[in-house]
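Visitor: Please take me slowly through one part of this model, and explain each term as you use it.

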Amino acid sequence: MRDPAMSQDTEPLGGGAVNDGRVLREGQTVRRPLPANAPTLHALLRFVRSRSDVEVPGPLRVEDRTEILTYVAGEVGLSPYAPWVGTRNSLVTVATLLRRFHDATVGWQPPSDAAWSTAFADPAGGSVICHNDVCIENVVFRDGSAAALIDFDFAAPGRRVWDVAMTARYWVPMTHPTLPAAVERGVEDPVGRLRTFVDAYGLRDGDRRILAGVLLEAEEASRRFVAEQAASGSPAFVAMWDVPARARFDRKLAWLRENSGAITRRLLDTEADHS
């Protein structure tokens, strides 16, 4: 229900746990809490918009502790997810959009005083800028295909393989087929869907060989982040860190460890059917 105090042109935008309830659309602009490293992120967004066809929000201005960005029109998947979220086309177009974003950042020189979030940053560093949070709620779709990326708060330099792993966690999803994230989307072969995602991205063989291990690192980083946020008392994360949720994380990690060999073989199999 709309807050009576809001103007008729103001609409709350859902999707994010960190900024839940604090992101507002006003006409063709979006108002959201100002990240501590906003100057770095705004420089990144301006560069991507000026040097590529990758669609991202445009920084407009800062008012006190609020950033105002251009609104990106389209459809965003929100829980409970619609069937289109789990389609092969969604998987493929997210992968190709991620690749285009990475390619757009090659050679960019961040500001000398650049500051990045460390929450999901690649511990190995790297030569591209990773979004690090290409969850379902942070991709805008048009006509059934991924069209734009939003919410760059966790972006940081890293390797392509790291961001592929971070993104695949959500979109495949990389989890035990009997856990809710897979069951609710009818995913019975996550490793096969991972192969589809990796092929669409165009990941090189060297990165395919290490992706299973990177998936584990990324999942462990996510688990730490959720646990830390819950311990700090963040309501959204407290709610997602109950005993059943922790058990699901543990089962997911165990499944990734048990299937690491199978994942690598499937990713490198030149005879596999990828239709």
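**Two helices and a neighbour**

Guide: Helix 6 passes helix 8 in a left-handed crossing (the near helix is turned anticlockwise from the far one by less than a right angle), helices being DSSP runs of H or I with at least four residues, numbered from the N terminus. This is a predicted model, in which local features need pLDDT of at least 70, side-chain atom pairs count only at pLDDT 80 or more, and totals for chains, interfaces and linings use all residues. Residues are numbered from 1 along each chain as its sequence is written, and side-chain values use heavy atoms, with hydrogens and water left out.

The axes of helix 6 and helix 8, lines fitted to C-alpha atoms over the stretch in contact, lie 10 Å apart at an angle of about 170°, so the two helices are roughly antiparallel (an angle over 145 degrees). In their contact, meaning heavy atoms within 4.5 Å, helix 6 contributes residues including Leu215, Glu219 and Arg223, while helix 8 offers Phe249, Asp250 and Leu253 among them. The residues of this contact divide into six nonpolar, one polar and seven charged (Asp, Glu, Lys and Arg count as charged, Ala, Val, Leu, Ile, Met, Phe, Trp, Tyr, Cys and Pro as nonpolar, and the others as polar).

Helix 6 (205–231) and helix 8 (243–258) are also among the partners against which the buried residues of helix 5 pack. Ten of the twelve residues in helix 5 are buried (under 20% relative accessible area, with a 1.4 Å probe and protein chains only), including Leu194, Phe197 and Tyr201. After helix 5 comes glycine 202, with a positive phi near 85°.

Methods
Buried < 20%, exposed > 50% of the residue type's maximum accessible area, 1.4 Å probe, protein only. Axes fitted to C-alpha atoms, helices over the stretch in contact; angles between N-to-C directions. Parallel < 35°, antiparallel > 145°, perpendicular 65-115°, else oblique.
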